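Please consider the structure shown below. The paragraphs that follow lead through it step by step.

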Amino acid sequence: KVFDKPILDRLNKIMDLVQKSYDVMIGNLKNNDLRDISNAENAEVGSSYQGCYVLSVDGNEVLLLSPKPKTMNYADKTAADAALEAIEAALPECAVDGITGWRLMTVEEANIVLQHRTLIPNFNKSGKYLYTDADGKLRVGKIETSVSSGWTFNNGDILLPVATITMTEK
């Protein structure tokens, strides 16, 4: 049977997702395997922009996950306020050139990461990630089967910031 172009395009996208899922299962997926986007029209979750994983798309607003996680070393600053100072100082190390506004992910964004964790290249499934709760307070927890929440900050916590960018239509 002959398929028209829109159906073939959808079938090809499905096959790409199946292949990516298989690559993730066997550990073959790398950052450069994600489809790179250039504008809002072709932005979709699971694609990449300047090496960053696209977590969500809302019109022209695209939420990016940094490809540069930072393992924290608080140097005995494990109280929340002191830990936050160390995290803010470390954010530039996770930045990608040309993209501004890097920040801690919110708990809502951590839940998006949870949904896509098997597709995010180099995601440490057993790591403890830093995020902010609904009240803007610093939290740390695993993003494994659910987003766990904790108050205790330890060396080895992972800073994986996000940034929201506005893309042009074309």
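In this predicted model, a useful place to begin is a single pair of residues: Val57 has Val62, in strand β3, as its bridge partner. Helix α3, which spans residues 107–116, packs on the sheet to which this strand belongs and touches β2, β3 and β9. The direction of helix α3 makes about 115° with that of β2.

The sheet itself may now be described. Strands in a sheet are held as pairs by hydrogen bonds of the backbone, in either a parallel or an antiparallel arrangement. Here, four strands form an open sheet, the order being β1-β2-β3-β9, and the pairing is antiparallel. Strands β1 (48–49) and β9 stand at the edges; each has a single partner strand, so one side of each is left without a neighbour in the sheet.

How many bridges pair β2 with β3? Strand β2, residues 52–58, and β3 pair over five bridges in the antiparallel sense. Along this pairing, Val54 stands opposite Leu64 of β3. The two strands form a hairpin, with two residues between them. In the turn, Gly59 has a positive phi of about 65°.

Strand β3 is also joined to β9 (residues 162–166), again by five bridges, and these two strands run antiparallel. Across this pairing, Val62 stands opposite Ile165 in β9. Val62 is thus a residue with a place in both descriptions, since Val62 is also the bridge partner of Val57. As for its surroundings, β3 (residues 61–65) is mostly covered, with four of its five residues buried.

Attention now turns to a loop. Asp133 lies between β6 (128–132) and β7 (138–142). Is Asp133 buried or exposed? Residues under 20% relative accessible area are classed as buried, and Asp133 counts as buried because its relative accessibility is 16%. The side chain of Asp133 reaches the backbone nitrogen of Lys137 at 2.8 Å. The side chain of Asp133 also makes a polar contact, at 2.8 Å, with the side chain of Arg139. When neighbours within four places in sequence are left aside, Asp133 is in contact with Val107 and Arg139.

Finally, the aromatic rings deserve a look. The structure holds one aromatic pair. Phe123 and Tyr129 form this pair, which is stacked, with 5.0 Å from centre to centre and 5° between the planes. Both of these residues, Phe123 and Tyr129, are buried.

Terms used. Residues are numbered from 1 along each chain as its sequence is written. This is a predicted model: local features need pLDDT of at least 70, side-chain atom pairs count only at pLDDT 80 or more; totals for chains, interfaces and linings use all residues. Side-chain values use heavy atoms; hydrogens and water are left out. Rings of Phe, Tyr and Trp (its six-membered ring) pair if their centres lie within 6.5 Å; planes under 30 degrees apart count as stacked, over 60 as edge-to-face and the rest as tilted. Buried means under 20% relative accessible area, exposed over 50%, partly exposed in between (1.4 Å probe, protein chains only). Two strands pair if DSSP finds at least two bridges between them. A polar contact is a pair of N or O atoms within 3.5 Å; within protein, one must be able to donate a hydrogen and the other to accept it, and residues adjacent in sequence count only if both atoms are side-chain atoms. Contact means heavy atoms within 4.5 Å. Axes are lines fitted to C-alpha atoms, for helices over the stretch in contact, and angles run from 0 to 180 degrees between N-to-C directions.
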